[in-house]
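Here's a quick look through a structure you have in front of you. Let's start where the chains meet and work outwards from there.

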Amino acid sequence: MITIAKLAKSYGAGTPILRGVDVTFAKGQVVAITGPSGAGKSTLLRCINGLEAFDGGSIRVENDTLVPGGERTNAIALAAIRRRVGFVFQTWNLFAHRTAIANVMEAPLHVRKIAPREARARAEALLECVGLALRADAYPHELSGGEQQRVAIARALAMDPEALLLDEPTSALDPSRKGEVLAVLRALAESGMTMLLVTHDVAFAREVAHRAVVVAEGKIAEDGDPKDVLRHDD
Amino acid sequence: MTRATVRIAVVLCTIACLAAPRAAWAGDALDRVRHAGVLRWGGDLQGGEPFVSQDPRDPSHLVGFEVDIAAAIARTLGVRAEFVENDWSTLVPSLERGSFDVAMNGLEVMASRATRVSFTRPYYVFTERLIARRGDTRVHPSLDALRGLRVGTLASSYAFELIRDRSDVVVYEGTEEPYLDLARGRTDAVLLDDIIAARYGEPNAALEVVGDVAEGYYAVAARKSEPDLESAVDAALAQMAKSGELEAILRRANLWSAREERLTSWTPADQARMIGAATAEVGATGMTPRHVLLFVQGALMTLLVSTLAMLLAVPLGLALAIARRWGPRWLDVLANVYVEIYRGTPVLLQLYVLYYGLAPIVRINALTAAVVGLGMNYAAYEAEAYRAGIQAVPRGQMEAALSLGMSLPLALRRIILPQAFRHALPNVTNDFIALLKDSSLVSVITVVELTKQMTITAVDVRGWLMPGLLCAALYLAMSWPLGFVARRLEARLAHG
């Protein structure tokens, strides 16, 4: 479903962060992406839906291909890819001026132009799924970190994505709050959703992932069964 | 206070000074002048030639027939003359508060002045000259024929008193602008003193003299509490008239005519007639309900100009802020240049350029020019307020919006700008209140708003205190609720 070829990117003039990444992700796969900090895991993920521009190589999602040049050059492909691929941020980034349910309804209403009544019903169902039906009318600042991340997942799912990109979804949370988010992700993985999960949580990766990819120094260092690849890590 | 109008400050200072007890020089003003060795006389260089102006060959040197008369008077008193610059429309209050010893700058002997200061014998007999566009048959040489026409003149002038109840009066602050506007068709006629008409109106080939419709006198004004100084100056003028020096001075300035001959045979009876005729005009009335109504009209004009200007400044400022943050490089540079130019030059200058400077190219009326001028100026400040507001919205908000498939315009409209607006609101409110006060500047392009109405009324009621207080009260009545509404709105938007 996602094919990445010779992907290269540097920040500023000198520091290369990605040095020619070649990797393919199939539909229905749950892939854990791990590796040391600063190795380029998050950058790889953010390149896939165009939050970062890159300098060389290409990214193909189904029939849409991104090339170097950023937002303007890739406008049409990006619009298509972003509808197909959802993104969950480390620090959730809920819209601060909207309630939980309005956050979930925002894109279906204004991007997909779904009727308000239908959008609300879908949003209520999604909040129910992530266990936040009772918090629908709360503003982000009234929610805990774990609750905000669950709303953010519901918000991404509201666009019916074929794949979900998750950038360290639990690393900004208190240990006591991680479980509630992991439970949602576990259920999602079992439902057959294609997921690329950047994480340091080896135990969870081994539990839910079909495949593990280790990124080190801007390249794919290891790629294979989680039981083998993640064996040496703590 | 950074952008509060100078005008209001001047008014408040005047009020403060009038309230303070005046130095008690009564009876020995002449001794004071002789002791100091200078006669300080007030006038306005803006009145220009031939009254008193800077010598084009040496701007530190003053020329004009009034400079010569002042020098001659001073010589007779055994002192030298010293010029004091003062805004023409406030010469009388400034004389009263003691800014100079006498005032002499084309001051027509008329009720609003004769009741507050003493006038000497005249040094010039003027006529009120009516000028219209060449061939305009609607304008006839009579005051009553001006009914219903748009007529330009100077604020606080004798001509203004003559036509204010007859015509649709357009008031100016400079002597050149009335004729420029007349030539361009913004007014139907201009009524001003013959000296001004001859210097600024008659040389314009598009205009012609319709006729002289009234007559009056220029005289030197002194404080009522200093009759000795007033008689000394009067005596000096009498001596100059008798010796032929006055005639020589007026001839040099090309101002001598048969009409001026009565100056040489001026009698106490003539003086009594002149003062009597002036004070027989409608006397001081105090503040009447009609004045209050005019003030409310002025306040509505202030509110109209400010609101329309803000309605222009808000979207334009928003567009500028967006261009600077997300626009292509060339648009960013352009927006930057716009902001720096409009922020870095006085709004008064911008209004002048827009209304008078660009008049040959764009034809807009005074109200439109006021709204556009203030709106474009304030857009620069709004752009900065929004830029700060946009910067206060975390980066992740835009990333989240884009990752959900929103286009840049949709993300701006739904996600970024509503949050940026909340951050910018206190500054925007502040700017609107500043705009309410800055709108008083549009009187230079003939829009009569609240502050202008106050200066006109102050002349009518022979005092600044009541009009000043009423004017201040009306400004407060507009800005106070605005601050209140803004705080309520901020509280309502304070989610997140």
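In this predicted model, the contact between the two chains draws on 20 residues from chain A and 16 residues from chain B. On the chain A side, helix H3 (75-84) and helix H4 (100-110) each put in at least two residues that touch chain B. As for the chemistry of that side of chain A, here's how it splits by class:

| Class, chain A side | Residues |
|---|---|
| Nonpolar | eleven residues |
| Polar | six residues |
| Charged | three residues |

Staying with chain A, have a look at its start. Strand E1 (residues 2-11) and strand E2 (residues 15-25) of chain A run antiparallel, with eight bridges joining them. If you want a spot to get your bearings, find Leu7(A): Val21(A) in E2(A) sits opposite. The two strands make a hairpin, and three residues lie between E1(A) and E2(A). One residue to check in the turn is Gly12(A), whose phi is positive, at about 65°.

Now over to chain B. Counting up its secondary structure gives 19 helices and ten strands. Along the principal axes, the C-alpha atoms of chain B take up a box of roughly 95 × 55 × 50 Å. How much of chain B is buried? Of its 496 residues, 44% are buried. And if you take the contacts in chain B with a separation of 6 or more, 75% of them link residues 24 or more positions apart.

Conventions: Residues numbered from 1 in each chain as written. Chains lettered and ligands numbered in written order. Predicted model: local features only at pLDDT ≥ 70, side-chain atom pairs only at ≥ 80, totals over all residues. Pairing = 2+ DSSP bridges. Helix = DSSP H or I, 4+ residues; strand = E, 2+ residues; numbered from the N terminus. Contact = placed C-beta atoms within 7 Å. Nonpolar A, V, L, I, M, F, W, Y, C, P; charged D, E, K, R; others polar. Buried ≥ 20, exposed ≤ 12 C-beta atoms within 10 Å, placed from the backbone.
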